[in-house]
Amino acid sequence: MDFALECKGLTKWYGNKFPALNQIDLQLEKGRIIGLLGPNGSGKTTLMKLCNGLLTPTSGEVRINGLKPGVQTKRVVSYLPERTYLADWMTAGQAIDYFKDFYANFNVEKAEDMLRRLGINRNLKIRTMSKGTREKVQLMLVMSREAGLYLLDEPIGGVDPATRDYILDTIITNYHPQATVVICTHLIHDVEKVLDEVVFLHQGRIALQATVKEIQEERGTTVDALFREVFRC
């Protein structure tokens with residue numbers, strides 16, 4: 001099978017006593033929306049950075065469409081980091097122009113439409129935006145690429161509940177059916193309705209990988225309830 005994302009023995013040390021990721025074996029199919037879930041320090045952001053080529057594995061490997069992270073995979077991966085990376089002097093419109101020049105698969109019409117729907121003035125500077133508005137702009141840019149793999153690190157963490165529904169709808173309606181979306185979040189109850197599958201990470205290892213249907217039908221519970229049970233303090 002041709003996987004969107006595949007990890008074999010993936011391990012990452014930062015020089016600490018314990019590895020951030022420890023012998024991860026993972027296969028994610030194309031055309032799925034997957035929740036990457038776990039408590040703080042479980043390795044979620046490290047995994048996303050490795051998949052995006054921002055970090056180098058200590059051992060093991062990660063493959064995107066069968067390729068090691070590099071120039072070719074950057075054409076495939078659309079990554080939303082946890083923190084804002086846009087220059088604060090930019091306006092929302094300039095950010096769209098920047099992405100248009102940088103990414104051949106960027107859909108300007110889609111970006112402008114989302115900007116209007118979000119009610120954001122394209123002349124508004126990043127530095128004057130609230131944290132939630134900056135996150136909306138970044139998500140708009142990321143989801144306007146016609147990518148094969150979307151890696152979204154906390155896409156709804158800084159926005160109000162009403163906006164979360166719009167953002168989740170934006171995610172599920174603005175990606176190609178053969179693309180894969182990986183959502184890293186602590187707001188499990190909010191995202192569960194859009195997920196096909198979940199991966200639980202704990203202390204750098206995979207604690208569970210299952211479809212949402214398996215959890216609901218075979219275990220008779222919700223993803224949110226199962227998460228609270230597995231990671232109960």
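Colleague: How many salt bridges does a search of the whole structure find?
Modeller: This is a predicted model, in which local features need pLDDT of at least 70 and side-chain atom pairs count only at pLDDT 80 or more, while totals for chains, interfaces and linings use all residues. Residues are numbered from 1 along each chain as its sequence is written, and side-chain values use heavy atoms, with hydrogens and water left out. If a salt bridge is taken as a side-chain nitrogen of Lys or Arg within 4 Å of a carboxyl oxygen of Asp or Glu, the number found in the whole structure is 10.

Colleague: Which residue forms a salt bridge with Arg122, and is that residue buried or exposed?
Modeller: The closest N and O atoms of the pair are 2.7 Å apart. Arg122 lies in the loop between helix 4 and helix 5 and its partner in helix 4, so the pair ties together parts that are 10 residues apart in sequence; helices here are DSSP runs of H or I with at least four residues, strands are runs of E with at least two, and both are numbered from the N terminus. On a scale where buried means under 20% relative accessible area, exposed over 50% and partly exposed in between (1.4 Å probe, protein chains only), Arg122 is partly exposed at 32%. The partner, at 19%, is buried, and this residue is Glu112.

Colleague: Which residue's backbone oxygen lies 3.4 Å from a polar atom of the side chain of Thr91?
Modeller: Thr91 lies in the loop between strand 5 (77-80) and helix 3 (92-102), and because its relative accessibility is 11%, Thr91 counts as buried. Leaving aside neighbours within four places in sequence, Thr91 is in contact (heavy atoms within 4.5 Å) with Arg122, Asn123, Leu124 and Lys125. Of these, the residue whose backbone oxygen lies 3.4 Å from the Thr91 side chain is Arg122.

Colleague: Which strands stand at the edges of the open sheet of three strands?
Modeller: Two strands are taken to pair if DSSP finds at least two bridges between them, and the three strands follow the order 2-1-4 with antiparallel pairing. The twist averages 15° from one strand to the next, where axes are lines fitted to C-alpha atoms, for helices over the stretch in contact, and angles run from 0 to 180 degrees between N-to-C directions. Each edge strand has a single partner, so one side of each is left without a neighbour in the sheet, and these are strand 2 (21-28) and strand 4 (59-64).

Colleague: Which helix gives the largest share of the largest nonpolar core?
Modeller: A nonpolar core is a set of buried Ala, Val, Leu, Ile, Met, Phe, Trp, Tyr and Cys residues joined through side-chain atoms within 4.5 Å. The largest has 49 residues, and Met140, Leu141 and Met143 are among those that touch the most other members. The largest share, six residues, comes from helix 5 (residues 131-143).

Colleague: What distance separates the C-alpha atoms of Gln138 and Leu80?
Modeller: Gln138 is found in helix 5 and is buried, with a relative accessible area of 2%. Not counting residues up to four places away in sequence, Gln138 touches Leu80, Pro81, Arg83, Thr84, Tyr85 and Leu86. Although Gln138 and Leu80 are 58 residues apart along the chain, their C-alpha atoms are separated by 7.0 Å.

Terms used: A polar contact is a pair of N or O atoms within 3.5 Å; within protein, one must be able to donate a hydrogen and the other to accept it, and residues adjacent in sequence count only if both atoms are side-chain atoms.
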